[in-house]
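User: Hi! I have a model open here and would like to talk through its ligand site and a few backbone details. Could you walk me through it?

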Amino acid sequence: MAKEKQVFYCKECGYESVKWLGQCPGCHSWNTFVEERITVGAQKHSSNKKMVVAPTSILDVTTADESRIKTNISELDRVLGGGIVKGSLVLVGGDPGIGKSTILLQMCRNLVAKGDSVLYVSGEESPSQIKMRAERLGDFSKDMMLLCDNDMDNISAAIQKSKSDVVVIDSIQTVLVDEISSAPGTVTQVREVTARLMQLAKTCDVAIFIVGHVTKEGTVAGPRTLEHMVDSVLYFEGDSNNGFRILRGVKNRFGSTNEIGVFTMTDKGLVEVDNPSQVMLNGRPIGVPGSVVVSSLEGTRPILVEIQTLVCQTNFNMPRRTSVGVDYNRVNLIMAVLEKRAGLNLWGYDAYVSVAGGMRINDPAIDLGVACAIASGFKNKPVGDDIMIIGEIGLAGEIRGVSNILQRVKEADKMGFKTCIIPKSNYDKAMNELDIKIVCVSTLMEALGQI
Ligand code: TYD
Ligand code: MG
């Protein structure tokens with residue numbers, strides 16, 4: 001007999017508890033628990049029929065030469081690790097309105113044009129709304145199939161019947177499994193739907209793309225709870241107000257992660273950007289204090305970005321520090337090192353640090369650039385426009401080496417920079433052959449002296 005049970009889930013990480021909690025023990029966020037009723041019997045039933053598979057020796061396993069389906073959007077192929085893998089489940093997440101439906105529709109268009117069969121399932125839009133969007137993107141062939149439904153059983157039947165190569169589910173938050181009494185978009189529903197899609201992907205050998213919304217308030221179950229269930233996770237980031245969109249591979253079972261694809265949103269859909277450094281440095285102010293160009297390694301590509309800072313006298317007891325696109329704690333650490341090792345009296349000053357272009361950077365190689373930008377903003381003296389700065393800062397004020405230095409210097413050279421400040425330990429003879437002047441530094445003081 002199916003029995004109804006009350007459970008509480010964290011909306012952020014999916015932590016399960018039998019009673020309501022103020023703070024989640026899993027992810028430490030506050031006020032994220034929601035009540036859900038689950039039917040225990042039905043869940044058991046849905047967790048798929050048993051299959052008996054005997055263990056095999058690893059030598060007997062044949063690696064069917066990983067046939068990848070090219071999407072012909074090279075930035076998307078790159079993030080996917082060289083194309084779509086058959087039978088994989090890919091989650092595409094991002095804020096509403098960032099362009100998830102647009103990129104997937106463009107991908108479908110390219111696939112049907114090549115002769116692959118595609119099924120686009122939408123629980124959010126009607127066929128005419130999808131058609132309206134599709135008309136902006138170009139001509140579609142008649143093999144592009146649409147299904148506007150949000151019932152999991154119907155979707156599952158359609159996928160099995162259509163024998164498509166690629167299926168898009170837009171979005172996971174609208175799909176509903178009948179046996180579960182909670183509303184669409186709740187943690188239980190989203191998990192169950194994903195589990196069933198996973199099963200379908202593997203049994204029908206179809207690649208499934210799932211769209212998942214992430215909202216700041218977390219009113220719907222964040223797709224973060226699904227990250228460990230799917231094969232690949234792609235996140236769309238960027239400011240929906242400006243044109244750039246960055247598609248970032250966060251997890252990929254079939255390729256390298258942290259690869260990014262850069263797009264711009266136009267009136268005819270998303271257009272790939274061949275030279276991201278150029279786009280990121282577009283409109284850079286010249287001769288302004290607090291602006292420094294750094295190099296961030298994104299996957300296999302170095303991308304040049306501009307760090308902007310504003311340092312001004314504070315009107316409060318506690319100076320304000322704000323960072324956009326770089327880690328807040330890292331900025332505090334760099335400012336502490338600047339105070340202690342370079343003698344800058346930053347304590348009476350507010351500091352705002354931001355990455356131009358809406359990118360988020362985790363690469364520690366930008367530390368020295370951030371430090372120089374803050375120092376430049378503080379002293380009100382501009383850093384030269386044709387200088388690029390690379391290096392990680394240690395607590396003793398030493399400049400540590402970074403990875404892939406030659407690639408980064410070459411990119412700077414290509415973008416027309418005249419001087420490159422690099423960590424001493426990274427120096428390589430091959431750099432002499434480039435047109436760019438290399439300045440090696442080993443401490444923060446040395447670097448500040450150079451600019
Ligand atoms: P959409 O793909 O619907 O976002 P998501 O599915 O992630 O919620 O993208 C919506 C935004 O993109 C919307 O603000 C309109 C804009 N857009 C364009 O600027 N040009 C286009 O050709 C298309 C299709 C959308
Ligand atoms: Mg959408």
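User: Which residues come nearest to ligand 1?
Analyst: Happy to help! Keep in mind that this is a predicted model. Of the 14 residues around ligand 1, the nearest are Gly97, Ser101, Thr102, Thr266 and Gly269.

User: What does Ser101 do with the oxygen of ligand 1, distance-wise?
Analyst: An N or O atom in the Ser101 side chain sits 2.5 Å from an oxygen atom of ligand 1. Two backbone contacts go with that. A polar backbone atom of Gly97 is 2.7 Å from a ligand oxygen, and for a polar backbone atom of Asp267 the distance to a ligand oxygen is 3.2 Å.

User: And how much of ligand 1 does the protein bury?
Analyst: The protein buries 76% of the 560 Å² that ligand 1 exposes when taken alone.

User: Nice. Which elements give two or more residues to that shell?
Analyst: Those are α3 (100–114), α4 (127–137) and β13 (260–266). Helix α3 gives the most, with three residues.

User: How does the shell split by class?
Analyst: There are six polar, five charged and three nonpolar residues around ligand 1.

User: Let's change topic to the backbone. Where is there a cis peptide bond?
Analyst: Look at the bond from Asp170 to Ser171, which is cis with omega near -5°. Ser171 is in the loop that runs between β9 (166–170) and α6 (187–204). For context, most peptide bonds are trans, and most residues other than glycine have a negative phi.

User: Speaking of phi, what is the value for Asn31?
Analyst: Asn31 has a phi near 60°, which is positive although the residue is not glycine. You'll find Asn31 in the loop between β2 (16–17) and β3 (33–39).

User: Is Asn31 buried or exposed?
Analyst: Asn31 is exposed, as its relative accessible area is 58% and the cut-off for exposed is over 50%.

User: What about Asn380, what is its phi?
Analyst: The phi of Asn380 is also near 60°, again a positive value in a non-glycine residue. Asn380 belongs to the loop between α9 (367–379) and β19 (387–389). With a relative accessible area of 58%, Asn380 is exposed.

User: Back to β2 and β3 for a second. What is the strand order in their sheet?
Analyst: The order is β2-β1-β3, in an open sheet of three strands with antiparallel pairing. Strands β2 and β3 are at the edges with a single partner strand each, so one side of each has no neighbour in the sheet.

User: How many bridges pair β1 with β3?
Analyst: Seven bridges, in the antiparallel sense, with β1 covering residues 4–10. If you'd like a spot to look at, Gln6 stands opposite Arg37 in β3.

User: Zooming out, where do the domains fall along the chain?
Analyst: Domain 1 covers 3–40, domain 2 covers 70–274 and domain 3 covers 279–450. The centres of domain 1 and domain 2, taken over C-alpha atoms, are 27 Å apart.

User: Last one: how many helices and strands does the chain have, and what does its C-alpha trace span?
Analyst: The chain has eleven helices and 23 strands. Its C-alpha trace spans about 75 × 50 × 50 Å along the principal axes. As for burial, 50% of the 451 residues count as buried.

Technical notes. Residues are numbered from 1 along each chain as its sequence is written. Chains are lettered from A and ligands numbered from 1 in the order in which they are written. This is a predicted model: local features need pLDDT of at least 70, side-chain atom pairs count only at pLDDT 80 or more; totals for chains, interfaces and linings use all residues. Side-chain values use heavy atoms; hydrogens and water are left out. Domain bounds come from an automatic or database domain assignment. A residue is near a molecule or strand if one of its heavy atoms lies within 4 Å of it. A polar contact is a pair of N or O atoms within 3.5 Å; within protein, one must be able to donate a hydrogen and the other to accept it, and residues adjacent in sequence count only if both atoms are side-chain atoms. Accessible areas come from the Shrake-Rupley method with a 1.4 Å probe; for residues, only the protein chains shown count as cover. Helices (H or I, at least four residues) and strands (E, at least two) are DSSP runs, numbered from the N terminus. Ala, Val, Leu, Ile, Met, Phe, Trp, Tyr, Cys and Pro count as nonpolar, Asp, Glu, Lys and Arg as charged, and the others, Gly among them, as polar. Buried means under 20% relative accessible area, exposed over 50%, partly exposed in between (1.4 Å probe, protein chains only). Two strands pair if DSSP finds at least two bridges between them.
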